[in-house]
Structures are given as C-alpha cells and as structure tokens.
Amino acid sequence: RTRILTGITTTGTPHLGNYVGAIRPAIEASRDPDNDAFFFMADYHALIKCEDPLRLQSSRLQISATWLAAGLDPQRVTFYRQSDLPEIPELCWLLTCVTPKGLMNRAHAYKASVDQNVADSEDPDAGINMGLFCYPILMAADILMFNAHRVPVGRDQIQHLEMARDIAQRFSHIYGGGREVFVLPREQIDDAVATLPGLDGRKMSKSYNNTIPLFEGSSKQLREAIGRIVTDSRLPGEPKDADNSQLFTIYRAFASESESAAFRGQLEAGMGWGDAKQALYERLESEIAPMRERYDALMARPAEIEDILQEGARKARALATPFMAELRAAVGLSAAR
Ligand code: TYM
C-alpha cells in the first residue's frame, strides 16, 4: 500500500494556492483504495511565524473545516493536528542530532531571510529564530514518522522533501545497521498548477498578502478579490497574452483543458479584462460554492471538528507510539529492563 501525507501550516486563511497545490490533489489521492492517507494541521510549524494565540487557534479551525468541506473523509483519512502527537517533537529531536548545520544553512526560507537582512544592511540573523532555522527538520519528522511514500505539495516544498530524504539517510547510516530505517518520501506535484500566482503575479502566498481566500467570506467577496487581480492595460478588442496573465493561470487551474483552450481563444480574440474576470469568477464559484456551504456549516460546529481531530490523533498515535519506541531503542534510549 502507498502512504500519502501532507500538512498545512496554520498561520492564516487557506487560499486557492493551498487548494490546488495540496488539498485538491491530496483528497483525490485519498480516494484511491490502494492508498493510506495522513493529512494534518502543522500547528507547531505555525509558531515560527505567529505569536498571536488567537490567530493560531482560528487558523487551525479554518484549516480543519477547509479539509473537511473539500471532501476529506475522516473514516478513510488519518486527519490530525501535529501538536496532538508528542511523538513528532520527540522524533524531531532525534533527527536534529543527525542533521548537519550546513544542510540547514542552505534552506531557501532561511537563506531568503538572511539575504533580506543583508539587503536591508541589518544583522544577518535579525528576527530569525531557531524554529525557522530548524523548520525542515520538523517537517522531516512529520513525514518520516508515518513512512510516507508520496507527499502532495506545491513546488515551493521540493527542497524540504530533498532534505527529509537526506536526513532519513543520515539517520539510517548512523543507526540503521545497514538498513534504511525510513521510507524515502517523494513529492507529488501537479505540473499544471505547481505554483499558483496571486493577485500581483508573484506566487500566491500568505506572506505576500496577495491571496484569494478559498472559502472564508462570501461569493461577493470572491468576486471582489478577483476584481483586484492585476492585469495589463490592454483595452477590450486588443488581443491579450494569456501566457503572461495570472488571471489565465488561475482559470486554468480550475478548468478542463478544453475549457482553458476556449478561454485562451477568447482572450486572444480581444475579450476585455472585465469580462475575463467575470468568466473566472463564474468558473471558480461553481467549484467552490457547494464546498463553501459545507465550510460555513462546519465552522458553526467546532465541537464536531474537535471530536474528529481527537479520533484522528488517536489513530495517528497508534502508529507513532510503537514506531517511536523502536527509534528510541535504535539510538540507545530504551529502558534497561
Ligand atoms: P504551507 O502551509 O505554506 O502551504 C500548504 C500547501 O500549499 C501549497 N501552496 C501552493 N501550491 C501551489 N501554489 C501556491 N501559490 C501555493 N502556496 C502554497 C504548499 O506547497 C503546501 O503544499 N511546510 C509546509 C507545511 C508542512 C508539510 C509537512 C507539508 C509541514 N509539514 C509535511 C507536507 C508534509 C508549508 O508551510 O506549507
């Protein structure tokens, strides 16, 4: 059987990029009877960027409701909060002790923060906590704990998967007695939507403030967000360059190939940006509206979500606890009797 696993950091409201990059492919994969699926809220990861307990809490609830509204079946999927599994930070420490510092020096997110500090002629380490520096190790613990084969993610996570494999191999090299202790995980990336652009054309990201929320808000708010997508100044009647338009890229992530080809044809034939935005809205709304209705209903019943997550943590720990005991023994930490 193939184990698939993915997580979302609970730092904000889920957006269209999270949906097409991770949630939608993950849920599709979870419906394959040959797969065992593990999906979780990465709330320990969230602490690195968020110092607001209330925001963390509301984001956890929103992301849980999002998964369920998008079709996750908790009977079939092990669905949990990272912070409900004490085994995760425990494994994270064992992995931390086999991870070379130099490997973490190369992590994109950490390097970007250092480069930004240098560009702002500040102390290179300003504002960087050890959580950010060790972020990829915690993510490796998430993945290796369940020996996941495939990890559905957006392209921005490729380096994290490489590091997880690297860390797994180092652990095995030291403690495996000639065997691989962990399954080496592979990213699963949908090339068509590997990086969804945001309103301004950069990668859609909470940190760029250029996101289109998936369910939070109303259809009117979705229409307004689409209205804020940046377009060039070509007038109605002038041909549009679909390949350089984030509006078209977002459309394509939600449409069949033939629908996208037809939309491209209309843009190249001079469709105005206003009409194009309306067409994008209609396409998105038809996919999102039924899920948004379930989302709103779930958000009104947080206790029900809590029950589902408690059950998910129980299922996850039934695997994690015995595996952790094996790993403790491998490094020399088992009890003497
Ligand atoms: P996070 O919370 O930043 O994003 C969650 C998922 O959404 C994908 N994504 C995108 N995909 C396409 N286009 C975009 N614009 C876009 N923006 C975000 C991300 O690639 C990701 O798949 N480190 C992870 C969370 C995590 C994790 C894990 C993932 C923690 N442990 C273990 C997989 C396995 C993160 O911060 O994702």
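**Figure 1. Helices α7 and α8 cross at roughly 75 degrees in this predicted model.** Let us start with α7 (130-145) and its partner α8, which covers residues 158-175. The axes of the two helices come within 9 Å. The angle makes α7 and α8 roughly perpendicular to each other. On the α7 side, the contact is made by P136, I137, M139, A140, I143 and L144. Facing them from α8 are H160, M163, A164, I167 and A168. Sorted by class, this contact of α7 with α8 has 10 nonpolar residues, one polar residue and no charged ones.

**Figure 2. A shell of 26 residues surrounds the ligand.** Here we turn to the ligand, where the closest residues are T9, G17, G21, V153 and G154. Three elements each supply at least two residues of this shell: β1 (2-9), α1 (16-30) and α7 (130-145). You have already met α7 in the previous view, where its axis comes within 9 Å of that of α8. The classes in the shell around the ligand are 11 nonpolar, 12 polar and three charged residues.

**Figure 3. The chain is divided into two domains, domain 1 and domain 2.** Domain 1 is built from two stretches, 2-195 and 302-331, while domain 2 takes in 217-296. Taken over C-alpha atoms, the centres of the two domains are separated by 32 Å. Where the domains touch, domain 1 gives eight residues and domain 2 gives six. On the domain 1 side of this contact, α1 and α3 (53-69) are the elements that give two or more residues. The largest share of that side comes from α3, with three residues. By class, the side of domain 1 that touches domain 2 has seven nonpolar residues, one polar residue and no charged residues. Helix α1 may look familiar, as it also supplies at least two residues of the shell around the ligand.

**Figure 4. Helix α3 meets helix α13, the helix of residues 302-331.** This view stays with α3 and shows another of its contacts. The axes of α3 and α13 come within 11 Å and cross at roughly 75 degrees. That crossing makes α3 roughly perpendicular to α13. From α3, the residues to look for are L61, S64 and A65. They meet P302, I305 and L309 in α13. Five nonpolar residues and one polar residue form the contact of α3 with α13, with no charged residues.

**Figure 5. Helices α10 and α11 cross at roughly 160 degrees.** Our last stop is the pair α10 (residues 246-253) and α11 (residues 257-268), whose axes come within 10 Å. Angles over 145 degrees count as roughly antiparallel, and α10 and α11 are therefore roughly antiparallel to each other. Their crossing is right-handed. In α10, look for F248, Y251 and R252. These residues meet S260, F263, R264 and L267 in α11. The contact of α10 with α11 divides into four nonpolar residues, one polar residue and two charged residues.

Terms used: Residues are numbered from 1 along each chain as its sequence is written. This is a predicted model: local features need pLDDT of at least 70, side-chain atom pairs count only at pLDDT 80 or more; totals for chains, interfaces and linings use all residues. Axes are lines fitted to C-alpha atoms, for helices over the stretch in contact, and angles run from 0 to 180 degrees between N-to-C directions. Helices (H or I, at least four residues) and strands (E, at least two) are DSSP runs, numbered from the N terminus. Angles under 35 degrees count as roughly parallel, over 145 as roughly antiparallel, 65 to 115 as roughly perpendicular and the rest as oblique. A crossing is left-handed if the near helix is turned anticlockwise from the far one by less than a right angle, and right-handed if clockwise. Two residues are in contact if their C-beta atoms, placed from the backbone, lie within 7 Å. Ala, Val, Leu, Ile, Met, Phe, Trp, Tyr, Cys and Pro count as nonpolar, Asp, Glu, Lys and Arg as charged, and the others, Gly among them, as polar. A residue is near a molecule or strand if its C-beta atom, placed from the backbone, lies within 6 Å of it. Domain bounds come from an automatic or database domain assignment.
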